[in-house]
Amino acid sequence: MANSLLITGASQLLTLRGGGPRRGDSLSDLDLIEDGAALVRDGVIAAVGTRAQVEALPGTRGTEKLDLGGRVVLPGFVDSHTHLVHAASRVEEYQLKIQGASYEEIARKGGGILNSVKKMRAATADELKKRALAALQQFAAYGTTTIEAKSGYGLDVPSELKILKLHKELAAEQPLEIVSTFLGAHVVPEEFRKKADGAKRYIQLLEENLLPAVAEHQLAEFCDVFCDRGAFSVAESKRVLQAGRQWGLAPRMHAEQLSRTGAARLAILLRAASCDHLEQVNKNDIRALGKSDTVATLLPGCDFHLGLKKYAPARDLIDAGAIVALATDYNPGTSPTLSMPMILSLACTQLRMAPAEAITAATINGACALRRDKQVGSLEVGKQADMAVFDVADYREIPYYFGVNQCWMTIKRGCVIHAAKESRN
Ligand code: NIG
Ligand code: FE
């Protein structure tokens, strides 16, 4: 007998049916069903519609039932950009930033990513795992059901492999889906900076030692590069991403965050899965992204946390036809949040995205960025039963109530993985 669950009592059920990627006006199409219901079989959606439609189906009688009591249901969030595994916060830098130091000044003095690298190298796999598991529970508590996770705080062979192996272990031991990305090219590590040709030699290490090991043990699906001032140039990024592709890793990029380098154009040229950040894109970049299949992933948590005024031009990107996604960029340096609802709030007030557009960007378009849009990101027959239930009556209240967690229940593959202790109703 198949394991079935009949879910009813959704005042609004946002299916986001109709496939992805979503561009332009289709970002606003949530396919909202009032008094919605869904039938789940073996973790997969077997039916979705109004309560009357779903209850009329043969085989719903006698199944286990879950009544959502008039709350709002949407696909679980797909957070397509996180630096899940890191050893500690960088709260000391937060204080410096508040006093006026910039992210790049702190990085030049050996803080920033290199600060996290020191802490990562000193940490045991057990310590890292404990911290990551606690974070994963929090992701689930905010309605996220799939995340991407990047390496990039190890920057030597043992430490990068330590992180990537953890991704695999964590994926096997807890319910959230983890899509692993190799970010060996985050910055040039300290020990290579002292040498002439340090960046070149480090890239050789990536090509000759790290990428073969990553591929051999199937530790990552994507290869990412931080292409920016103070990190890797466009030419260096191209070399790393092409090497990654030779080992079977699809490219994605950190692009146009601190300065405009041409990284987004490279991402498009290489048919990267996504290019992320994009605060500094110019008009031509926007036009090119509008015509490309590379997802434009916006990370407003970074600008908020760093206190920067210049957010990515979301409206122009949407108008140009770009596939806009939203993600947390959960990391200790620029965006220490794992709350997708908070990202939706920032998307609405700072990026001027409508609540419906923000939800689409955080679900089906995030799934496209991870090349998982056939499995997750919308509530459709045959897809995974991944849902976030919010204790609100109208979906627009999800971003409206900023900084508080209204997530009442999270369901992954038909199993409840988070339930709020108390409810207001
Ligand atoms: O996405 N920009 C590069 N990487 C991260 C920041 C990493 C850090 O500061 O630790 C980001 O913002
Ligand atoms: Fe990042």
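Donors are N, O and S atoms within 2.8 Å of the metal (3.2 Å for Na, K and Ca); water is not among the atoms, so sites may look incomplete. This is a predicted model, in which local features need pLDDT of at least 70 and side-chain atom pairs count only at pLDDT 80 or more. Residues are numbered from 1 along each chain as its sequence is written.

**Exercise 1.** State which protein donors bind the iron ion (ligand 2) and how they are spaced along the chain.

*Solution.*
Step 1. The protein donors are His 81 (NE2), His 83 (NE2), His 254 (NE2) and Asp 329 (OD), at 2.1 to 2.4 Å from the iron ion.
Step 2. Along the chain they follow the spacing H-x1-H-x170-H-x74-D.
Step 3. His 254 lies in strand β9 and Asp 329 in the loop between β12 (324-326) and α14 (340-349), so this pair, 75 residues apart, links distant parts of the chain. Helices (H or I, at least four residues) and strands (E, at least two) are DSSP runs, numbered from the N terminus.
Step 4. Both His 254 and Asp 329 are buried, meaning under 20% relative accessible area, with exposed being over 50% and partly exposed in between (1.4 Å probe, protein chains only).

**Exercise 2.** Find where the buried residues of helix α9 lie and what they pack against.

*Solution.*
Step 1. The buried residues in α9 are Ser 237, Val 240, Leu 241, Ala 243 and Gly 244.
Step 2. Seen down the axis, they fall within an arc of 160°, so they line one face of the helix; the arc is that of the directions from the helix axis to the C-beta atoms.
Step 3. The face turned away from the buried side carries the exposed residues Ala 235 and Gln 246.
Step 4. The buried residues pack against β7 (177-185), α8 (198-216), β8 (222-227), β9 (250-255) and α10 (263-269), where contact means heavy atoms within 4.5 Å.

Definitions and conventions: Chains lettered and ligands numbered in written order. Heavy atoms only, no water.
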